[in-house]
Amino acid sequence: VKRAISYKAGGTFIARNLANRADRLELNADRTLFYQNIGAQYAMPWLFTRPIRTLLKAYHNRYNQPVYLGGGEPFYKALQQGALFSLEEKFEKMNYGVSCGIEAIKITSERLGFADTIEYDSTLLGKNIGYIFLEPLFMIDTRNNPLNPSKGSLSVFSLKSMFDLANRTSFFRLATEHSFFSAVHEKIILGMRLRFGHIFNRQFTHLNP
């Protein structure tokens with residue numbers, strides 16, 4: 001077994017209420033041997049006069065996969081860069097929202113046979129692929145306590161669409177999740193979770209790992 005260590009360095013800058021609208025500006029950066037994340041986001045709990053949470057975000061992420069120490073060259077390296085605009089409205093038991101934006105993804109690998117191992121089209125390796133994406137989200141939350149629930153349920157539904165007209169790598173991702181909680185004893189809480197998801201794509205080999 002090989003042993004190794006990794007440094008971790010980073011920082012976050014936060015500024016609140018810049019426009020006197022309960023807004024928040026956040027800049028953050030983190031770096032290790034395995035990943036580098038740089039991001040900036042601006043959020044406020046209003047859209048004009050309605051209580052709709054508004055978020056603007058830009059990000060630049062690099063990471064290796066899989067992540068483990070002393071394992072030699074990673075299976076592949078990924079670069080993700082993008083920006084998004086998100087809206088979310090909350091009610092007592094229901095939230096809904098939508099995110100849209102642009103993203104560029106680049107996959108590189110120095111492992112021999114990488115594309116054949118995971119059925120990945122080798123012509124896409126090293127290519128910067130651009131997407132326009134749209135993701136609506138719907139959530140129903142009846143938990144009595146979000147941090148420490150003893151009864152109730154949480155249901156989440158999302159459909160993410162990634163559009164790439166140049167390289168035929170477009171896909172749709174359907175994801176649903178349902179969790180429910182019940183007290184079977186004064187100090188014993190039963191929690192169960194069901195998940196279902198599916199990715200729709202014209203060719204499986206064109207899906208980025």
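Helices and strands are DSSP runs, numbered from the N terminus, a strand having at least two residues. The exercises below use these element numbers on a predicted model.

**Exercise 1. Backbone in a loop**

Task: Find where Asn-20 and Ala-22 lie, and state what sign phi has in each.

Solution.
- Step 1. Strand 1 covers 8–16 and strand 2 covers 24–32, and Asn-20 is in the loop between them. Ala-22 lies in the loop between strand 1 and strand 2.
- Step 2. Asn-20 has a phi near 60 degrees, which is positive in a residue other than glycine. For Ala-22, also not a glycine, phi is positive at about 60 degrees.
- Step 3. Is Asn-20 buried or exposed? Its relative accessible area is 64%, and exposed means over 50%, so Asn-20 is exposed.

**Exercise 2. A salt bridge at Arg-24**

Task: Identify the salt-bridge partner of Arg-24 and classify the accessibility of both residues.

Solution.
- Step 1. The search of the whole structure gives six salt bridges. In one of them Arg-24 pairs with Glu-26, with 3.1 Å between the closest N and O atoms.
- Step 2. Buried means under 20% relative accessible area. Glu-26 has 16% and is therefore buried.
- Step 3. Arg-24, with a relative accessible area of 29%, is partly exposed.

**Exercise 3. Salt bridges of Glu-177**

Task: Work out which residues are joined with Glu-177 into one network, and which strands they come from.

Solution.
- Step 1. The side chain of Glu-177 meets that of Arg-193 in a salt bridge of 3.9 Å, N to O. The cut-off is within 4 Å.
- Step 2. Because Glu-177 is in strand 9 (residues 171–185) and Arg-193 is in strand 10 (residues 188–201), this pair ties together parts that are 16 residues apart in sequence.
- Step 3. Glu-177 also forms a salt bridge with Arg-195, where the closest N and O atoms are 2.9 Å apart. This pair links strand 9 to Arg-195 in strand 10, 18 residues apart.
- Step 4. Shared partners join Glu-177, Arg-193 and Arg-195 into one network.
- Step 5. Within it, Glu-177 is partly exposed at 25% relative accessibility. Arg-193 is exposed at 53%, and Arg-195 is exposed at 62%.

**Exercise 4. Rings**

Task: Classify the geometry of the aromatic pair Phe-163 and Phe-172, and say which ring the charged end of Lys-160 sits over.

Solution.
- Step 1. The structure has four aromatic pairs. One of them is Phe-163 with Phe-172, at 5.8 Å centre to centre and with 85 degrees between the planes.
- Step 2. Planes over 60 degrees apart count as edge-to-face, so the Phe-163 and Phe-172 pair is edge-to-face.
- Step 3. Phe-163 is partly exposed at 37% relative accessibility, and Phe-172 is partly exposed at 35%.
- Step 4. The charged end of Lys-160 sits over the ring of Phe-133, 5.3 Å from the ring centre.

**Exercise 5. The nonpolar patch**

Task: List the residues of the nonpolar surface patch and find which elements give two or more of them.

Solution.
- Step 1. The patch is formed by Val-98, Ile-102, Ile-132, Leu-134, Leu-159, Phe-163, Phe-172 and Phe-200, which together have about 690 Å² of accessible area.
- Step 2. The elements giving two or more residues are strand 6 (94–108), strand 7 (129–141) and strand 8 (152–163).
- Step 3. Ile-102 is in strand 6, and with a relative accessible area of 52% Ile-102 is exposed.
- Step 4. Phe-163 and Phe-172 are among the patch residues, and they also form the edge-to-face pair of Exercise 4.

Conventions: Residues are numbered from 1 along each chain as its sequence is written. This is a predicted model: local features need pLDDT of at least 70, side-chain atom pairs count only at pLDDT 80 or more; totals for chains, interfaces and linings use all residues. Side-chain values use heavy atoms; hydrogens and water are left out. Rings of Phe, Tyr and Trp (its six-membered ring) pair if their centres lie within 6.5 Å; planes under 30 degrees apart count as stacked, over 60 as edge-to-face and the rest as tilted. Buried means under 20% relative accessible area, exposed over 50%, partly exposed in between (1.4 Å probe, protein chains only). A charge sits over a ring if NZ of Lys or CZ of Arg is within 6 Å of the ring centre and within 35 degrees of the ring normal. Patches are made of residues with over 30% relative accessible area and no salt bridge: like charges are joined within 9 Å, nonpolar side chains (Val, Leu, Ile, Met, Phe, Trp, Tyr) within 5 Å. Accessible areas come from the Shrake-Rupley method with a 1.4 Å probe; for residues, only the protein chains shown count as cover. Helices (H or I, at least four residues) and strands (E, at least two) are DSSP runs, numbered from the N terminus.
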